[in-house]
Amino acid sequence: MITGTTKLLGVIGAPVGHSLSPVIQNAALHDAGLDYVYAALPVRADALPSAVYGLRDAGIAGFNVTIPFKTEIIPLLDDLSEDARRIHAVNTVVIADGGMVGYNTDVVGFLAGFAEREIALTGKKAVLIGAGGAARAALWGLLRSNVSSVVIGVRNAAKGAALATDFAADGDVRAYHFDDSAFAAALRFADIVVQTTPMGMTPHTEEMPPVDMAALNPSAVVYDLIYTPAETRFLREARARGCETINGETMLAAQGAEAFRLWTGVRPDMELMKQTLRTALQCS
Ligand code: NAP
């Protein structure tokens, strides 16, 4: 029951009506017996500062941040976690004593996909497909897990080079165009391959990233961040080559679970969050 002491959480974005977070977070809050409620909060694209300061001043406990505000919100915050600073994007804000701290739980979420399968990353050779926002989180997650190298495959060489340069001090990071023979060579010897483009996502389920599947190392672990469909064509073909595959479901549930922990200090039931997510995806 919502009472006068119920604490408020939410997600800000534009648009935000499609977000599955209210369903997942409220299920977990209810399950944990916590007196919080989580709502979708549509914010006009030109009204971010007044909305964020208004939420803070109205006593909200915290909120998630989605497109298009993940970077724009940074100057409004009092502090950032290391992950948020490195990725230069915030997806979770915790408000305590009037101060707002920005976090990025995508990194923890991304790494949970490997941890769940007990796949160690130290010393592994990684290939990343794509250089957008999710790729940044994945790249930082791989580097802070001490992989030996990351080769990024891109269609836009300048964007790939900029991403590699940003993380050059953190490890061996190189970016190549998908057509470059150096990219195909990296794929052949990769232990870990992470697909971060939207190619293959519902409704374009027959699309594939521009990768030569014949070059894929059959002993590689192949991770596609997409969660609809549960198995993309890319993952299906990788599995057919003998690769172990991971989809984006655990990442999505685990980034939400980490936000929940940051707000409440309680670890939610991840299995319940995943199950709620699957049900919500079937209904959406
Ligand atoms: P984004 O910032 O738009 O980046 C997309 C990347 O894919 C860019 O590098 C883009 O290339 C590349 N790309 C797009 N179309 C391409 C094409 N036809 N050929 C080659 N490259 C192409 O998007 P994002 O936020 O990173 O999200 C990417 C995917 O990750 C989405 O499917 C999203 O659902 C998924 N995701 C999942 C989770 C999770 O929790 N499981 C979390 C975040 C994201 P350019 O740089 O050249 O534009």
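Colleague: How many disulfides does the count come to here?
Modeller: The model is a predicted one, and in it the count of disulfides comes to 0.

Colleague: And the cysteines, is Cys243 buried or exposed?
Modeller: Cys243 has a relative accessibility of 5%, and because buried means under 20%, Cys243 counts as buried. Cys283, on the other hand, is exposed, with a relative accessible area of 66%.

Colleague: Switching to helices, at what angle do the axes of H4 and H9 cross?
Modeller: Helix H4, residues 106–115, and helix H9, residues 249–264, have axes that cross at roughly 135° and come within 7 Å. The two helices are therefore oblique to each other, and their crossing is right-handed.

Colleague: Which residues make that contact?
Modeller: On the H4 side they are Asp106, Val108, Gly109, Phe110, Ala112 and Gly113, and on the H9 side they are Thr250, Met251, Ala254, Gln255 and Glu258. Sorted by character, the residues of this contact are 5 nonpolar, 4 polar and 2 charged.

Colleague: How about H4 with H5, where the axes also cross?
Modeller: The axes of H4 and helix H5, which spans residues 133–144, come within 9 Å and cross at roughly 65°, and this crossing is right-handed. From H4, residues including Val107, Leu111 and Phe114 take part, and they meet a set in H5 that includes Ala138, Trp140 and Leu142. The residues of the contact of H4 with H5 divide into 9 nonpolar, 1 polar and 2 charged.

Colleague: Now the backbone: which residues does a cis peptide bond join, with omega about 10°?
Modeller: That bond joins Ile67 and Pro68, and Pro68 sits in the loop between strand S3 (62–65) and strand S4 (79–80). A cis peptide bond also joins Thr228 and Pro229, with omega about 0°, and Pro229 belongs to the loop between strand S11 (221–224) and helix H8 (233–240).

Colleague: Why point those out?
Modeller: They are pointed out because most peptide bonds are trans, and in a similar way most residues other than glycine have a negative phi.

Colleague: What is phi near for His88, and where is that residue found?
Modeller: Phi of His88 is near 60°, which is positive, and His88 is found in the loop between helix H3 (82–87) and strand S5 (92–96). With 43% relative accessibility, His88 counts as partly exposed. Asp97 likewise has a positive phi, near 50°, lies in the loop between S5 and S6, and counts as exposed at 86% relative accessibility.

Colleague: Which residues is Gly99 in contact with, leaving aside its neighbours within four places in sequence?
Modeller: Gly99, which lies in strand S6 (residues 99–103), is then in contact with Asp78 and Val94.

Technical notes:
Residues are numbered from 1 along each chain as its sequence is written. This is a predicted model: local features need pLDDT of at least 70, side-chain atom pairs count only at pLDDT 80 or more; totals for chains, interfaces and linings use all residues. Side-chain values use heavy atoms; hydrogens and water are left out. Axes are lines fitted to C-alpha atoms, for helices over the stretch in contact, and angles run from 0 to 180 degrees between N-to-C directions. Helices (H or I, at least four residues) and strands (E, at least two) are DSSP runs, numbered from the N terminus. Angles under 35 degrees count as roughly parallel, over 145 as roughly antiparallel, 65 to 115 as roughly perpendicular and the rest as oblique. A crossing is left-handed if the near helix is turned anticlockwise from the far one by less than a right angle, and right-handed if clockwise. Contact means heavy atoms within 4.5 Å. Ala, Val, Leu, Ile, Met, Phe, Trp, Tyr, Cys and Pro count as nonpolar, Asp, Glu, Lys and Arg as charged, and the others, Gly among them, as polar. A disulfide is a pair of cysteine sulfur atoms within 2.5 Å. Buried means under 20% relative accessible area, exposed over 50%, partly exposed in between (1.4 Å probe, protein chains only).
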